[in-house]
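Okay, everyone, grab a seat. I'll walk you through one structure today, and I'll explain the terms as they come up.

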Amino acid sequence: MNKESLIEKAKKILETLKIEYDQNEEPLFSDSYPQSLIDIEPELVNQISVYFRSVPLAGRAFGESITVIGDLKTKKLISVITKGGGRYNVPTDLQ
């Protein structure tokens, strides 16, 4: 699966879980991390992350961050983390 299809899959996951994100802002994709971070968190070696911004709240210029996390080996998106502390497991049929 390529970057674009993983981003589209991540969008579908957020919509299914009813997590609003800013559709006017392009999501960011990462499948590699600096060695210094990998030394601290070795599991990052196999992690895919798609970063979104939530819809900005009234009186704020930016929304909070939303991260859809996946496994680089399997190319499956497995969880969603919101800055507000929410963590959601992605249903198997959407991975």
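Let's start with valine 50: at 0% relative accessibility, this residue counts as buried. By buried I mean under 20% relative accessible area, while exposed is over 50% and partly exposed is in between, using a 1.4 Å probe and protein chains only.

Quick housekeeping before I go on. This is a predicted model, where local features need pLDDT of at least 70 and side-chain atom pairs count only at pLDDT 80 or more, while totals for chains, interfaces and linings use all residues. Residues are numbered from 1 along each chain as its sequence is written, and side-chain values use heavy atoms, with hydrogens and water left out.

So, where does valine 50 sit? Its place is in strand 2. When I say helix or strand, I mean DSSP runs, numbered from the N terminus: H or I with at least four residues for helices, E with at least two for strands. And what touches valine 50? Not counting residues up to four places away in sequence, the list is Ile7, Ala10, Pro27, Leu28, Phe29, Ile66, Thr67 and Val68. Contact here means heavy atoms within 4.5 Å. Here's one more pair to look at: valine 50 and isoleucine 13 are 37 residues apart in sequence, and from C-alpha to C-alpha they are 11 Å apart in space.

Now zoom out to the whole of strand 2, residues 47-53. Of its 7 residues, 5 are buried, so the rest of the structure largely encloses this strand.

On to the sheet. Strands of a sheet pair through backbone hydrogen bonds, either parallel or antiparallel. Here we've got 5 strands forming an open sheet in the order 1-2-3-4-5, with antiparallel pairing. The edge strands are strand 1 and strand 5 (87-89), and each of them pairs on one side only. For pairing, DSSP has to find at least two bridges between two strands.

Let's go through some of the pairs. Strand 1, residues 28-30, pairs with strand 2 over 3 bridges, antiparallel, and phenylalanine 29 has valine 50 as its bridge partner in strand 2. Strand 2 also pairs with strand 3, residues 65-71, in the antiparallel sense over 7 bridges. There, phenylalanine 52 stands opposite isoleucine 66 in strand 3. Over at strands 4 and 5, 3 bridges join the two, again antiparallel, and isoleucine 81 faces arginine 87 in strand 5.

Stay in strand 4 for a second, because that's where threonine 82 is found. Is threonine 82 buried or exposed? At 17% relative accessibility, threonine 82 counts as buried. Leaving aside neighbours within four places in sequence, its contacts are Ile19, Ser65, Ile66 and Tyr88.

Last stop, helix 1, residues 3-16. Its buried residues are Leu6, Ile7, Ala10, Ile13 and Leu14. Seen down the helix axis, these fall within an arc of 115 degrees, so they line one face of the helix; that arc is taken from the directions from the axis to the C-beta atoms. And what covers those buried residues? The cover includes strand 1, strand 2, strand 3 and strand 4 (76-82).

Finally, check out the turn of the backbone just after helix 1, where lysine 18 takes a positive phi of about 60 degrees. Okay, over to you for questions.
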